[in-house]
Amino acid sequence: MAIIKPNNNTISAVTALPSAIATGKVLQVVTATKTNTTSINTNGDSFVDIGLSVLITPSANSSKIFVTASVCYSFNSNTYGTLGGIRLARSTNTAIGAGGNSGSSYQVVAPGSTATWIAVTAPLQFLDSPSTTSQQSYKVQARNNIGGTISFISNGKKNAEAAGSSTITVMEIGA
C-alpha cells in the first residue's frame with residue numbers, strides 16, 4: 001500500500017491529532033455483586049436496603065455518576081401479594097431515577113396464574129448529579145407494596161424458580 005503525501009509533504013510534516021476531549025471520560029468505576037440470598041419483609045410502606053451497595057467519591061463537583069444495576073429477585077405472589085418494587089437510592093435513602101409511583105422505579109405485577117413464586121431480573125440505570133466531592137453511597141432498595149417477604153437471589157434458588165446474581169456498578173463521568 002502506498003503512503004499518501006498530503007500537499008506533497010512528507011508524513012513527518014503532518015501535525016499531531018487534536019488532544020483528547022476533556023469531558024465525558026470515565027474517571028473511575030466501582031462495582032459490587034451480591035453473593036448471598038437476603039430475604040426482607042416489608043409492610044408496603046417503606047423501602048429497605050437489600051445489601052447491594054457501593055461507595056464512590058467524585059473527584060469534582062461537576063462530575064456525573066452513572067449508576068446501573070441488575071437485580072434478581074423473587075416473591076411469593078399467592079401468600080404475600082402481587083406487587084413488588086425496587087429502586088436506586090443515594091446516601092441517606094434519597095431515591096434517584098424514581099418514577100411517580102411512590103418512589104418505586106421498577107415494579108412487577110404477578111400474573112393471574114397459579115404460580116407461587118414470581119422470579120424477576122430487573123435492570124436499573126440512572127445518570128446522577130450529586131454536585132459534591134464527598135463520598136456517596138449508591139444502593140438498591142425494595143419493598144413489597146402489599147406486604148410480605150421478597151427474596152433477593154445470588155447464585156442460588158428459592159423454591160426452584162429463580163437463580164442469578166445481582167450487581168451494581170457506578171461510573172464517575174468527567175464533566
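This report walks through a predicted model of one protein chain, from its overall layout down to a few residues.

**The big picture**

Let's begin with the layout. The chain has 175 residues, and 40% of them count as buried. You'll find 1 helix and 11 strands here. Going along the sequence, the order is β-β-β-β-α-β-β-β-β-β-β-β, with the helix sitting after four strands and before seven more. If you look at contacts with a separation of 6 or more, 79% of them involve residues 24 or more positions apart. On the outside, the chain exposes about 9,300 Å², and carbon and sulfur atoms supply 51% of that area.

**The nonpolar core**

Now for the inside. In soluble globular proteins, nonpolar side chains tend to be buried together. The largest nonpolar core in this model has 20 residues. Which of them touch the most other members? They are V67, V71, I86, L88, Y138, V140 and I168. As for where the core comes from, two or more residues each are given by strand 3 (48–56), strand 4 (64–76), strand 5 (83–90), strand 8 (117–128), strand 9 (136–144) and strand 11 (166–173). Strand 4 provides the largest share, with 5 residues.

V140 is a handy place to look around. Setting aside neighbours within four places in sequence, V140 is in contact with V48, D49, I50, L52, A69, V71, I86, R87, L88 and I168.

**Two salt bridges**

Next come the charged pairs. Side chains of opposite charge can pair when their charged atoms come close. The structure holds 2 salt bridges, and here they are with their N to O distances:

| Pair | N to O distance |
|---|---|
| D49 and K139 | 3.4 Å |
| R90 and D128 | 2.6 Å |

Take D49 and K139, whose side chains meet at 3.4 Å. D49 belongs to strand 3 and K139 to strand 9, so this pair ties together parts that are 90 residues apart in sequence. D49 has 40% relative accessibility, so it counts as partly exposed. K139 is at 10%, which makes it buried.

The other pair is R90 and D128, with side chains meeting at 2.6 Å. Here R90 lies in strand 5 and D128 in strand 8, so the pair ties together parts 38 residues apart in sequence. R90 counts as buried at 18% relative accessibility, and D128 is buried too, at 4%.

**Q141, a buried polar residue**

D49 turns up again when you look at Q141, which lies in strand 9. Is Q141 buried or exposed? Its relative accessibility is 1%, so Q141 counts as buried. Its side chain joins that of D49 through a polar contact of 2.8 Å. A polar contact of 2.7 Å also links the side chains of Q141 and N93. Not counting residues within four places in sequence, Q141 is in contact with F47, V48, D49, I50, G85, I86, R87, A89 and N93.

**Strand 11 and its partner**

Strand 11, one of the contributors to the core, is mostly covered, with 6 of its 8 residues buried. Strand 1 (residues 26–34) runs antiparallel to strand 11, and 8 bridges join the two. To find a spot in this pairing, look for T33, which stands opposite T167 in strand 11.

**Two partly exposed residues**

Finally, here are two residues that are less hidden. F66 is found in strand 4. With a relative accessible area of 26%, F66 is partly exposed. Leaving out neighbours within four places in sequence, F66 is in contact with Q125, F126, L127, T169, V170, M171 and I173. The C-alpha atoms of F66 and I173 are 7.1 Å apart, although 107 residues separate the two along the chain.

T94 lies in strand 6 (residues 94–96). At 36% relative accessibility, T94 is also partly exposed. Apart from residues up to four places away in sequence, T94 touches L88 and A89. The C-alpha atoms of T94 and Y138 are separated by 9.5 Å, with their positions 44 residues apart along the chain.

How values were computed: Residues are numbered from 1 along each chain as its sequence is written. This is a predicted model: local features need pLDDT of at least 70, side-chain atom pairs count only at pLDDT 80 or more; totals for chains, interfaces and linings use all residues. Side-chain values use heavy atoms; hydrogens and water are left out. A nonpolar core is a set of buried Ala, Val, Leu, Ile, Met, Phe, Trp, Tyr and Cys residues joined through side-chain atoms within 4.5 Å. Buried means under 20% relative accessible area, exposed over 50%, partly exposed in between (1.4 Å probe, protein chains only). Contact means heavy atoms within 4.5 Å. Accessible areas come from the Shrake-Rupley method with a 1.4 Å probe; for residues, only the protein chains shown count as cover. A salt bridge is a side-chain nitrogen of Lys or Arg within 4 Å of a carboxyl oxygen of Asp or Glu. A polar contact is a pair of N or O atoms within 3.5 Å; within protein, one must be able to donate a hydrogen and the other to accept it, and residues adjacent in sequence count only if both atoms are side-chain atoms. Two strands pair if DSSP finds at least two bridges between them.
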